[in-house]
Structures are given as C-alpha cells and as structure tokens.
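Welcome, and please open your viewer. We will take this tour one selection at a time, so keep the sequence panel handy.

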Amino acid sequence: MEIPNYVAIGSAKGRDIKTGETVYGWHWSVIENGFKVTHYIRKEGISDISKQEDIEVDNVSFFIGYRDMNMVPLFSGDKVKFEFLGMEFEGTIVYSLEECAYVIKCKNEMFHFGKIEVYKK
C-alpha cells in the first residue's frame, strides 16, 4: 500500500472490493433504487482526467488532518496506540458529536489530539 505524501483535507481511503488493497483519493457515492449505496474512491495523483480511475470500495474513512509520529496520515476508524502521562493506551479514531471534533476513543475514555503523540497500531 503506497501512502501519498500529500493528503488534502477531504481526502478519503477505502478498501478496493476487487483486490482488497487500500486506495486513497476523493470519495463519492451512488444511490440506486432509493436505498442501495455504492461507494467509490477517485484515485489521487492523476492530473490527466482521461486517466483518472474510480475504484469501488466497501468501506470509507476520511483524513482527519493529523499525522502520526512517522508522518503517516490518520483517518477516521484507524486503530492507534499512544502514550499519555507515562501510560500506554489503544483506541479508535472517531468523530465525537459532543466534542465536535475527532477524538481517540478508548475503553472508558476519550482523548483529544494535540496533547498526545500517536503511533499507528
């Protein structure tokens, strides 16, 4: 899986339903017959419109604007590990409606970005 160097706010990733590979780009979807939703990722980094490719994906995660300590972009739904006050935690990146922000949800706690250094699980 090749992670792009530049990931814009609004970028998404998903798993290609044919190959199982993770693809990065822009998310769009089609609603068929009023209820079936098919999700696609238009691959990033292809400036020639005639060569752009839309990949059908079975899940979609959005770039949250943060990177881990290795500069890997973080997406909603990513599982992460981090240290806080000398203790190690594991959690999942989720959007909190109460906080109006992305947070890391652990078993009984939520952590905000900016006060912790995250490393991917």
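## Stop 1: a facing pair

Start by selecting Phe82 and Phe89: Phe82 stands opposite Phe89, which belongs to β7. Keep in mind as you look that this is a predicted model.

Now widen the selection to the two strands, β6 (79-84) and β7 (87-96). β6 and β7 pair in the antiparallel sense, over six bridges. Together β6 and β7 make a hairpin, with two residues between them. Click on Leu85 in that turn, and you will find a positive phi of about 55 degrees.

## Stop 2: the nonpolar cores

Next, select Ile64, Leu74, Val80, Phe82, Phe89, Ile93, Ile104, Cys106, Phe111 and Phe113. These 10 residues make up the largest nonpolar core. You have already met two of its suppliers, since β6 and β7 each give at least two residues to this core. There is also a second, separate core of five residues, and among them are Ala12, Val23, Ile41 and Ile55. As background, nonpolar side chains in soluble globular proteins tend to be buried together.

## Stop 3: two cysteines

Select Cys100 and Cys106. Which of these is buried and which is exposed? Cys100 counts as exposed because its relative accessibility is 58%, and exposed means over 50%. Cys106 counts as buried because its relative accessibility is 10%, and buried means under 20%. How many disulfides does the model have? The count comes to zero disulfides.

## Stop 4: Thr38

Move on to strand β3 (residues 36-43) and pick out Thr38. With a relative accessibility of 3%, Thr38 counts as buried. Show its side chain together with those of two partners. The side chain of Thr38 makes a polar contact of 3.2 Å with that of Glu32, and a polar contact of 3.0 Å with that of Lys36. To see the surroundings of Thr38, leave aside its neighbours within four places in sequence: Thr38 is then in contact with Trp28, Ser29, Val30, Glu32 and Glu56.

## Stop 5: Lys13

Now go to strand β1, where Lys13 has its place. Is Lys13 buried or exposed? Lys13 counts as buried, because its relative accessibility is 15%. Add Asp78 to your selection, and you can draw a polar contact of 3.0 Å between the side chains of Lys13 and Asp78. Beyond the neighbours within four places in sequence, Lys13 is in contact with Thr22, Val23, Tyr24, Ile41, Asn59, Val60, Ser61, Phe75 and Asp78. Two of those names may ring a bell: Val23 and Ile41 are included in the second core.

## Stop 6: zoom out

Finally, show the whole protein as a cartoon. What will you count in it? The protein has zero helices and 10 strands, and along the sequence the pattern reads β-β-β-β-β-β-β-β-β-β. Of its 121 residues, 32% count as buried. Of the contacts between residues at least 6 apart in sequence, 39% join residues at least 24 apart.

For a last look, colour by pLDDT. The mean pLDDT of the protein is 83, and 81% of the residues reach 70 or more. Which of the elements has the highest mean pLDDT, and which the lowest? Strand β1 (residues 12-16) has the highest, at 93, while strand β10 (residues 117-120) has the lowest, at 61.

How values were computed:
Residues numbered from 1 in each chain as written. Predicted model: local features only at pLDDT ≥ 70, side-chain atom pairs only at ≥ 80, totals over all residues. Heavy atoms only, no water. pLDDT = per-residue confidence, 0-100. Helix = DSSP H or I, 4+ residues; strand = E, 2+ residues; numbered from the N terminus. Disulfide = S-S within 2.5 Å. Buried < 20%, exposed > 50% of the residue type's maximum accessible area, 1.4 Å probe, protein only. Core = buried A, V, L, I, M, F, W, Y, C linked by side-chain atoms within 4.5 Å. Pairing = 2+ DSSP bridges. Polar contact = N/O pair within 3.5 Å; in protein donor to acceptor, adjacent residues only side chain to side chain. Contact = heavy atoms within 4.5 Å.
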